[in-house]
Amino acid sequence: MNSLDISTLFGILVLLIILSALFSSSETSMMALNRYRLKHQVKSGHKGAKLAQKLLESPDRLLGVILLGNNFVNIFASSIATIIAMKLMGEAGIAIAAGLLTMVVLVFAEVAPKTLAAIYPEKIAYPAAYALTPLLKVLSPIVWLVNFFANGFLRLFRVNVKNADDNHSLSHEELQTLIYEATSQLPEQYRSMLSSVLELENVTVEDVMIPKQDMYAVDVDQPIEQILKAIQKSPYTRVPIYRGSLDEDLIGILNLRRALPVLMRSEVTLKDIIKITRQAYFVPETTSLNVQLAKFNDNKRRMALIVDEYGDLQGLLTMEDLLEEIVGKLSTDAKAKPIEETVAFHEDGSMTIDASEFIRDLNKAYDLSLPTDGPKTLNGLIQEVLEELPSPGTCIKIDEYVLEVIETSSNAIEAVKLSTYTEVKRKKVSND
């Protein structure tokens with residue numbers, strides 16, 4: 001080595017620094033790869049991705065071969081730098097060479113290549129996989145020996161490398177964050193749909209059902225002409241049929257499409273109508289939407305009646321109501337008012353709301369955080385807190401919101417003014 005001239009030694013030193021940079025960048029790029037994108041590219045047939053995935057299956061072996069190569073070239077570079085310093089400046093140059101080499105390696109073989117690899121991991125990791133795969137085979141005995149001692153040391157701290165959990169699996173909350181933060185290329189509508197799908201298991205049929213008092217049903221305890229008119233006016237294709245009371249004598253569900261041939265006859269009797277009704281399908285109010293979606297599919301049903309723990313009818317749920325939780329409003333019924341028509345905004349930031357509106361719909365539409373673990377409407381929420389039907393002008397504070405009763409009827413709250421506590425406090429200070 002001492003017989004080589006200075007220019008050759010400098011050439012070897014530069015080559016070693018380049019190799020060190022390659023090892024450093026490959027280490028960072030391999031660890032920075034997005035595992036889900038990697039799996040997608042493997043399925044697409046990307047050869048570099050396949051090699052990278054195979055290397056990452058044994059991270060201890062991958063790191064072993066990278067660090068073995070990196071340390072070897074760095075130590076070799078230090079020896080070359082020492083020889084150059086001795087030739088140029090004698091023993092006094094050794095310290096200077098060590099300082100300069102440390103700075104060069106730090107900048108050009110560590111920080112710069114690792115930063116680049118962290119920004120563009122795929123562009124570096126996939127080509128590096130072609131070199132690391134055969135290198136690992138060649139150095140396999142040495143890598144095995146290094147890993148034997150390294151893994152043995154880790155076992156002292158009860159770390160089992162072979163049976164380590166998959167640290168790249170995502171929790172429910174992490175997946176929600178991924179949808180909103182890491183999918184910027186998706187339109188807002190699609191992100192909202194994906195988020196709604198994840199929320200199905202946290203929402204019950206009670207949260208989205210049509211309450212019993214709002215159900216469209218036909219009482220057969222009336223003349224046949226009135227029954228037929230009520231059926232004709234139905235805005236829905238499936239109508240509950242009952243006698244006297246929904247709770248006491250529910251006959252079944254009439255599918256108007258299937259009943260059309262019968263209803264178009266010149267003479268239709270009550271017996272004909274009852275004959276073509278289908279037995280009602282009942283569901284507990286605590287059933288989650290993801291379970292109910294599967295049950296609708298398994299039972300070939302599109303409508304379910306919701307009952308409480310005592311078997312009392314609470315409301316009605318259709319497949320359309322369930323799907324609206326995912327894709328948004330689908331209904332084209334002219335009678336159904338959009339939520340925007342039941343809310344009025346004021347200059348001071350407050351809003352007047354129809355008290356029959358569902359709290360979940362308000363939270364979703366206006367980014368509110370009203371409690372949803374109790375009553376489903378503003379009317380129910382206020383009455384539960386006060387334990388009575390309040391008079392107009394009554395104000396209550398729920399979390400960060402101030403709710404003022406604007407209008408009431410004989411048995412319910414009709415309109416509520418909602419403000420944040422901060423807005424109310426600011427208004428009071430300005431008036432003082």
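Let me start with one residue, Asp321, which sits in helix α15, residues 319-327. Before going on, I should say that this is a predicted model.

Is Asp321 buried or exposed? Its relative accessibility is 12%, and the cut-off for buried is under 20%, so Asp321 counts as buried. Its side chain makes a polar contact with the side chain of Thr318, at 2.9 Å. If we leave aside neighbours within four places in sequence, Asp321 is in contact with Val208, Ile210 and Leu316.

Thr318 and Leu316 bring us to strand β7, which covers residues 313-318. Which strand does β7 pair with here? β7 pairs with β6 in the antiparallel sense, over 5 bridges. One of the bridge partnerships joins Ile306 to Gly315 in β7. The hairpin of β6 and β7 has 5 residues between the strands, and in that hairpin Gly311 takes a positive phi near 85°.

Now β6 itself, residues 303-307. How many of its residues are buried? The count is 5 of 5, which makes the strand mostly covered. In a regular strand, side chains alternate between the two faces of the sheet. In β6, Met303, Leu305 and Val307 are on one side, with Ala304 and Ile306 on the other, and all of them are buried. Both faces of β6 are therefore covered, given that buried means under 20% relative accessible area.

β6 has another pairing, with strand β5, residues 282-284. This one runs in the parallel sense, over 3 bridges. Here Phe282 has Leu305 of β6 as its bridge partner. Helix α14, residues 289-299, joins β5 and β6 in a right-handed β-α-β unit.

Next, the nonpolar cores. In soluble globular proteins, nonpolar side chains tend to be buried together. In this model, the largest nonpolar core has 34 residues, and Met30, Leu33 and Leu38 have the most contacts inside it. Which helices supply at least two residues each? They are α1 (6-32), α2 (35-43), α3 (47-56), α4 (59-89), α5 (93-119) and α6 (121-138). The largest share, 9 residues, comes from α4.

Take Met30 as an example. Leaving aside neighbours within four places in sequence, Met30 is in contact with Arg35, Ala52, Leu55, Leu56, Leu62, Ala125, Ala129 and Leu132. Apart from this core lies another, of 20 residues, and among them are Ala355, Leu368, Leu378 and Val416.

To go back to where we started: Asp321, in α15, is buried and has a polar contact with Thr318. That is all from me.

Conventions
Residues are numbered from 1 along each chain as its sequence is written. This is a predicted model: local features need pLDDT of at least 70, side-chain atom pairs count only at pLDDT 80 or more; totals for chains, interfaces and linings use all residues. Side-chain values use heavy atoms; hydrogens and water are left out. A nonpolar core is a set of buried Ala, Val, Leu, Ile, Met, Phe, Trp, Tyr and Cys residues joined through side-chain atoms within 4.5 Å. Buried means under 20% relative accessible area, exposed over 50%, partly exposed in between (1.4 Å probe, protein chains only). Helices (H or I, at least four residues) and strands (E, at least two) are DSSP runs, numbered from the N terminus. Contact means heavy atoms within 4.5 Å. Two strands pair if DSSP finds at least two bridges between them. A crossover is right-handed if, with the strands pointing away from the viewer, the path from the first strand over the helix to the second runs clockwise. A polar contact is a pair of N or O atoms within 3.5 Å; within protein, one must be able to donate a hydrogen and the other to accept it, and residues adjacent in sequence count only if both atoms are side-chain atoms.
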